[in-house]
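Here are some short exercises for you to work through with the model open beside you. Try each task on your own before you read its solution.

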Amino acid sequence: MITRSANRITGGHQRGPARPGSDMGSMTSRYDSLFVHVVAKGIVPLVQIFAFYVITHGHYSPGGGFQGGVMLAASIILLRISIGEDSYQRFPREAGLAIAGFGSLAFALLGFASVLFGGNFLEYAMAVPGMEPDTLRYWGIFFAEVFIGFLVWGALVAIYDAMNTGGVE
Amino acid sequence: MIWQLDFWLMLILIAAAVTALEVRDLLAAVGVLTGYSFLMALLFAELGAPDVALTEAALGAGLTGVFLLVALAFLDRRSED
């Protein structure tokens, strides 16, 4: 049974007694250094803004849903590593799989929207009858990128959480 | 394309790959592998593939290192073979 609150990655830098409720049964918990906390908390919003830029400009510039989603997941994992259990209040354990489920479900619905009106899967031009096909294709690719971003974001954070606790809930 | 930049990046890339394979300390191997991914991203960007470079920088140099570190927390730090 893996229930240790010591930070094994950063090895022995945890000073003082573990805070109450800090034992999440995780392999990596918290790096107790003011500099690490301040820098991590300052950098996370910038990473997230850049990730949103990459996602929302993915249909006509390098990047896209996958890359932006990886950056969003990296920002959450940075919080997990640096501030430890406080990050579970900002981004709870269940949120990872919930966001991934929302992303995949929304992507599937977007893909099947055109099937309802006689098109193929993900044939955006057929998704809404009566609208300009170019506009539909533009927004279809845009929303596909956004939903893929959600899927990758949630799934990677969920993978990290599962690995971090050794698969124990 | 700047062939001098390509040449040195390739050279450091091969050195990093050999180092990651040969080094005994697994933590150091993870670090060198992350550096390898970053050099790879630079090389991709230099070769005119910014999309691949962005993926490599985000995944290879970012998340893969963290996942390997978490896996390493379950293992001994020194390589046995």
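Chain A has five helices and zero strands, where helices (H or I, at least four residues) and strands (E, at least two) are DSSP runs numbered from the N terminus. This is a predicted model, in which local features need pLDDT of at least 70, side-chain atom pairs count only at pLDDT 80 or more, and totals for chains, interfaces and linings use all residues. Residues are numbered from 1 along each chain as its sequence is written, chains are lettered from A and ligands numbered from 1 in the order in which they are written, and side-chain values use heavy atoms, with hydrogens and water left out.

**Exercise 1. Describe the two chains by their secondary structure and burial.**

Step 1. Read along the sequence, the pattern of chain A is α-α-α-α-α. Chain B has three helices and zero strands, giving α-α-α.

Step 2. Now turn to burial, with these cut-offs: buried is under 20% relative accessible area, exposed is over 50%, and partly exposed lies in between (1.4 Å probe, protein chains only). In chain A, 42% of the 169 residues count as buried. In chain B, buried residues make up 31% of 81.

Step 3. Finally, look at contacts (heavy atoms within 4.5 Å). Taking those with a separation of 6 or more, residues 24 or more positions apart account for 57% in chain A and for 66% in chain B.

**Exercise 2. Characterise the interface of chain A and chain B.**

Step 1. Start with its size: the buried area is about 1600 Å², and carbon and sulfur atoms give 85% of that. Buried area here is the accessible area (1.4 Å probe) that two parts lose on being put together, summed over both.

Step 2. Count the participants: 21 residues come from chain A and 15 residues from chain B.

Step 3. Look for specific pairs. The rule finds zero salt bridges across this interface, a salt bridge being a side-chain nitrogen of Lys or Arg within 4 Å of a carboxyl oxygen of Asp or Glu. There are, however, three residue pairs in polar contact, both residues at pLDDT 80 or more. A polar contact is a pair of N or O atoms within 3.5 Å; within protein, one must be able to donate a hydrogen and the other to accept it, and residues adjacent in sequence count only if both atoms are side-chain atoms.

Step 4. Find the elements of chain A involved: helix 2 (65-82) and helix 5 (133-164) each give two or more residues to the side that touches chain B. Helix 2 gives the most, with eight residues.

Step 5. Sort the residues on that side of chain A: 16 are nonpolar, four polar and one charged. In this scheme Ala, Val, Leu, Ile, Met, Phe, Trp, Tyr, Cys and Pro count as nonpolar, Asp, Glu, Lys and Arg as charged, and the others, Gly among them, as polar.

**Exercise 3. With which residue does the side chain of Gln67(A) make a polar contact?**

Step 1. Locate Gln67(A) in helix 2 of chain A; this residue is buried, at 8% relative accessible area.

Step 2. Follow its side chain to that of Asp51(B), where the polar contact is 2.9 Å.

Step 3. Complete the neighbourhood. Apart from residues within four places in sequence, Gln67(A) is in contact with Val54(A), Asp51(B), Leu54(B), Thr55(B) and Ala58(B).

**Exercise 4. Examine the two salt bridges found over all chains.**

Step 1. Arg80(A) pairs with Asp161(A), the closest N and O atoms being 2.9 Å apart. Arg80(A) lies in helix 2 and Asp161(A) in helix 5 of chain A, so this pair ties together parts 81 residues apart in sequence.

Step 2. Check burial: Arg80(A) is buried at 2% relative accessible area, and Asp161(A) is buried with 2%.

Step 3. Arg137(A) and Asp134(A) form a salt bridge at 3.5 Å, N to O. Both lie in helix 5 of chain A, three residues apart, about one turn of the helix. Arg137(A) is partly exposed at 39%, while Asp134(A) counts as exposed at 53%.

**Exercise 5. Where is Leu122(A) found?**

Step 1. Look in the loop between helix 4 (93-116) and helix 5 of chain A.

Step 2. Check the backbone: Leu122(A) has a positive phi of about 65°, although it is not a glycine. Most residues other than glycine have a negative phi.

Step 3. Leu122(A) is partly exposed, with a relative accessible area of 25%.
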